[in-house]
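Me: I am new to this structure and should be grateful for a close look at a single part of it. Please begin with how strands pair, and then lead me step by step to the part that you choose.

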Amino acid sequence: MVYLTRKAEFSASHYYHNPKFSAEENRRIFGKCNNPNGHGHNYLLEVTVKGEVDARSGFVVDLKELKDTMNREVIEALDHRHLNKEVPEFADQIPTSENLAIAIWNRLNSKLNIARLHRVRLYETADLFVDFYGEA
Amino acid sequence: MKAYLTRRYHFSASHRLNNSKLSVEENRRTYGKCNNPHGHGHNYALEVTVSGPVDPETGMVCNLVDLDGFVQREILERYGHANLNTLAEFSQQVPTTENLCAAVYSRLHKDFRLATVEKIRMEETMMNSFEYAGGRELRH
């Protein structure tokens, strides 16, 4: 089994707000992230796939296909977007890095026929990242 | 949905690697420059990984304010700008980064209750890093 990781970058804005909470609870739980005018990050995404090395090509995965799928399914949908307002997953979910990593996993997992997805790692800043392995 | 959240922190500390049970010559041979009696220091980078179900109400594994507050209070204030050899946990133990990892992990594991502490990773320099998960194997 060999693991292969491809990186990509995107920039997006968001804010955290749960309509079920009072204004005071939202401020207490989400702090500065509750600012209704939003803020943004340069996200760094690492997608790791795994598989056996194909004897003929020497590949675990055709990198071009992986790159194209990541661009089509993730980057084009998220880059320079407002996550709360423009990405359907966040119509009723808080766009935290946890939920964003899960959304990216779901977007890729259904479209990647060429290799098994192992991990989605999403850096929100250099000092904060989330890993998702598809666990329930 | 179970997710893993990793937060990176920084602190600077000094230490000297010396085992009082070894002779002067053995200490010098074992620890080399790190045995310098006057000590030396590092800029440590600490990564703390916690896991748990993502709370549907907040979208979080745990609130970063709580994790940051705990690490600040229990780890960074204790080790930041300290001489590690003077601390109780290193009175009988050499303050290598291996032992420092175990001390930090055990403090987090024992008292941080808001998510599962999975592992810590410590960079002593840009070239050396150590990971510890309470003796468990690490996942890739």
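**From paired strands to one helix**

Reply: In this predicted model, strand β1 of chain A pairs with strand β3 of chain A (residues 81–82) in the parallel sense, over 2 bridges. Within that pairing, A:Ser13 lies opposite A:His82 of β3(A). Strand β1 of chain A, which covers residues 2–14, also pairs with strand β2 of chain A (residues 39–51), here in the antiparallel sense and over 13 bridges. One position shows this pairing: A:Arg6 has A:Val47 in β2(A) as its bridge partner.

Strand pairing also joins the two chains. Strand β5 of chain A, residues 128–132, and β1(B) run antiparallel and share 5 bridges. In β1(B), the residue opposite A:Phe132 is B:Ala3. Taken as a whole, the meeting of the chains brings 17 residues of chain B into contact with 20 residues of chain A. On the chain B side, strand β1 of chain B (residues 2–15) supplies the largest share, with 7 residues. By character, the residues on this side of chain B comprise 8 nonpolar, 5 polar and 4 charged.

The part chosen for the close look is helix α3 of chain B, residues 97–111, where B:Leu100 has its place. The helix α3(B) has 15 residues, and its first and last C-alpha atoms are 21 Å apart, close to the expected 21 Å at 1.5 Å a residue. Its buried residues are B:Thr97, B:Leu100, B:Cys101, B:Ala103, B:Val104, B:Tyr105 and B:Leu108. How may such a spacing be read? An α-helix has 3.6 residues a turn, so residues three or four places apart point the same way. The buried residues of α3(B) pack against four elements of chain B, namely β2 (40–53), α2 (64–79), β4 (116–123) and β5 (129–132).

Why does B:Leu100 count as buried? A residue is buried if 20 or more other C-beta atoms lie within 10 Å of its own. B:Leu100 has 27 C-beta neighbours inside 10 Å and is therefore buried. Beyond its neighbours within four places in sequence, B:Leu100 is in contact with B:Leu84, B:Pro95 and B:Met122. B:Phe130 stands 30 residues from B:Leu100 in sequence, and the C-alpha atoms of B:Phe130 and B:Leu100 are 9.7 Å apart in space.

Definitions and conventions. Residues are numbered from 1 along each chain as its sequence is written. Chains are lettered from A and ligands numbered from 1 in the order in which they are written. This is a predicted model: local features need pLDDT of at least 70, side-chain atom pairs count only at pLDDT 80 or more; totals for chains, interfaces and linings use all residues. Two residues are in contact if their C-beta atoms, placed from the backbone, lie within 7 Å. Ala, Val, Leu, Ile, Met, Phe, Trp, Tyr, Cys and Pro count as nonpolar, Asp, Glu, Lys and Arg as charged, and the others, Gly among them, as polar. Two strands pair if DSSP finds at least two bridges between them. A residue is buried if 20 or more other C-beta atoms lie within 10 Å of its own, exposed if 12 or fewer, and partly exposed in between; C-beta atoms are placed from the backbone. The expected span of a helix is 1.5 Å times one less than its number of residues.
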